[in-house]
Amino acid sequence: MRLFIVFCVLLASEAVQINEDVSLRSSIRPKTLDRGKLGDLSPDSRHRTARAASPTPTASTVTAKCPALKSDNHGLAIVHWSGQTGTKVSEMFFILTVRRNRGISTESTLWRSTDYGDSFVNESSKVDNTALDYYYINGLDNKIIIFTAITAKKVYVTRDEGKSYSAIPLTFQPNDIYFDPNNVNNVLGYDSLKKELSVSLDSGLHWLLVSKNASDRYFWETQKGRTSKIYFEKLVGNRARIFIASPPFDSNSIKPFQASSTSSLLFDQYSMVLSNEYIISQTTNSFGSGTMYTSYQRGPFKPAQFPFKDHRKERDYLLVDGSEGQLFIAVNHRSNLTSLYMSEQQGISFSLTVDDVLTNSDRSWQ
């Protein structure tokens, strides 16, 4: 059972439809265009997250701006414009075209424009003509970009918006890159096959293993003014335990989250979510009934209290929103039957907000 972040809730007169989004972290991600569907603009399936203000190109307008793309037969175009920082507008525009076979990049071409997209140059030689998969932009400094080559186990790091690159060999596959929202130098890397979480303190030039057996639920501290820390879920058998890593992120700086009676509490795998001052997870008993736990302002976990009626079995929990000093939670009781609840400030006590919610499919809760 998993606890997901919900991206939006559509309220209608007769029912509420919940659209779930498994994206966990907010950072700047380029837009991915399916070049086989002109005009289609869809985010990468793994990273549907907030982006910097930028134009909304279509596959056709991208091709028009970059005539060389007409002879480029790669199926995907990953597009990024750095946007405006203060009063300065960047004229740098990136297009990474990719051919994939069963989800693996087999070929790519890196195009860069320095004149706001009026012309593009093939700069694949700057990354050794390596087959790249994706790239990630530092939200605090958009000149810092990390390009990933998953199969080759490499990242290419630029700190000057593509003028030069450092090729960094890795001991893990960089399936995901996640910049610290409060420290320009910190970045996490995750290998989804080996389930290894690594950290870099110099924007990707050197890497240190944080943990093996880590799930894909890992978060930087998001509250401004606090020390950079990593909150992550570690798999223990068929359950999970939440850990916290503090600088310098070596083995001596990692400990179970909350050194109290809850530090031994095992949660459902892939159920941890961090949202502002809240950390949420859940447990499920042998009868399939789930209990949600909330940590407020990084304090000890406490079981949440819901006014369930009719002896309904609470199966799963979805976080709708946690950005306004309270939690908005959707609770799944059985297939296609859900209720929405609002909490008080600490996220422990909930009251019913909307009953009889209709979900798309039971599969969205798995």
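**Exercise 1. The strands around β8**

In this predicted model, which residue is the bridge partner of N101 in β8? Work outward from that pair to describe the pairing and burial of β8.

Solution.
- Step 1. I104 in β8 is the bridge partner of N101.
- Step 2. This bridge belongs to the pairing of β7, residues 93–101, with β8, which is antiparallel and runs over 9 bridges.
- Step 3. The two strands make a hairpin with 2 residues between them. R102 sits in the turn and has a positive phi of about 55 degrees.
- Step 4. β8 also pairs with β9 (residues 121–122), again in the antiparallel sense, over 2 bridges. Here R112 has V121 of β9 as its bridge partner.
- Step 5. Of the 10 residues of β8 (residues 104–113), 7 are buried, so the strand is largely enclosed by the rest of the structure.

**Exercise 2. Classifying aromatic pairs**

How many aromatic pairs does the structure hold? Classify the pair F93 and F120 and the pair Y134 and Y136.

Solution.
- Step 1. There are 23 aromatic pairs in the structure.
- Step 2. For F93 and F120, the ring centres are 5.8 Å apart and the planes stand at 80 degrees. Planes over 60 degrees apart count as edge-to-face, so the F93 and F120 pair is edge-to-face.
- Step 3. This pair connects distant parts of the chain, since F93 belongs to strand β7 and F120 to the loop between β8 and β9, 27 residues apart. Both F93 and F120 are buried.
- Step 4. For Y134 and Y136, the centres are 5.0 Å apart and the planes are at 65 degrees, so this pair is edge-to-face.
- Step 5. Y134 counts as buried because its relative accessibility is 3%. Y136 likewise has 3% relative accessibility and so counts as buried.
- Step 6. Y134 and Y136 belong to one aromatic cluster, whose members are F94, Y134, Y135, Y136, F147 and Y165.

**Exercise 3. An open sheet, β18 to β21**

In what order do the strands of the sheet with edge strands β18 and β21 lie? Describe its pairing and the angle between neighbouring strands.

Solution.
- Step 1. The 4 strands lie in the order β18-β19-β20-β21, with antiparallel pairing, and the sheet is open.
- Step 2. β18 (214–220) and β21 (254–256) are the edge strands, each pairing on one side only.
- Step 3. On average, and with direction ignored, neighbouring strands of the sheet are turned by 30 degrees against each other.
- Step 4. At the β18 edge, 4 bridges join β18 to β19 (residues 230–236), and the two run antiparallel. W220 has I230 of β19 as its bridge partner.

**Exercise 4. A second open sheet, β22 to β25**

Which strands are the edges of the sheet β22-β23-β24-β25? Locate the residue of β25 that stands opposite Y293.

Solution.
- Step 1. The sheet is open, has 4 strands and pairs in the antiparallel sense.
- Step 2. Its edge strands are β22 (273–275) and β25 (302–303), and each of them pairs on one side only.
- Step 3. β25 is joined to β24 (residues 290–296) by 2 bridges, in the antiparallel sense.
- Step 4. P303 is the residue of β25 opposite Y293.

**Exercise 5. Charges over rings**

Over the face of which ring does K234 lie, and over which does R298 lie?

Solution.
- Step 1. K234 lies over the face of F243, 5.6 Å from the ring centre.
- Step 2. R298 lies over the face of Y231, and its distance from the ring centre is 5.3 Å.
- Step 3. A charge over a ring must be within 6 Å of the ring centre.

**Exercise 6. Two single residues**

Is S339 buried or exposed, and what does its side chain contact? Treat L201 in a similar way, listing its contacts beyond its sequence neighbours.

Solution.
- Step 1. S339 is part of strand β28 (residues 337–343). Its relative accessible area is 0%, so S339 is buried.
- Step 2. The S339 side chain makes a polar contact with the side chain of D355, at 2.7 Å.
- Step 3. L201 is found in the loop between β16 (196–200) and β17 (208–211). Its relative accessibility is 42%, so L201 counts as partly exposed.
- Step 4. With neighbours within four places in sequence left aside, L201 is in contact with N185, N186, H206, P248 and F249.
- Step 5. L201 and F249 are 48 residues apart in sequence, while their C-alpha atoms are 9.5 Å apart in space.

Notes:
Residues are numbered from 1 along each chain as its sequence is written. This is a predicted model: local features need pLDDT of at least 70, side-chain atom pairs count only at pLDDT 80 or more; totals for chains, interfaces and linings use all residues. Side-chain values use heavy atoms; hydrogens and water are left out. Two strands pair if DSSP finds at least two bridges between them. Axes are lines fitted to C-alpha atoms, for helices over the stretch in contact, and angles run from 0 to 180 degrees between N-to-C directions. Buried means under 20% relative accessible area, exposed over 50%, partly exposed in between (1.4 Å probe, protein chains only). Rings of Phe, Tyr and Trp (its six-membered ring) pair if their centres lie within 6.5 Å; planes under 30 degrees apart count as stacked, over 60 as edge-to-face and the rest as tilted. A charge sits over a ring if NZ of Lys or CZ of Arg is within 6 Å of the ring centre and within 35 degrees of the ring normal. A polar contact is a pair of N or O atoms within 3.5 Å; within protein, one must be able to donate a hydrogen and the other to accept it, and residues adjacent in sequence count only if both atoms are side-chain atoms. Contact means heavy atoms within 4.5 Å.
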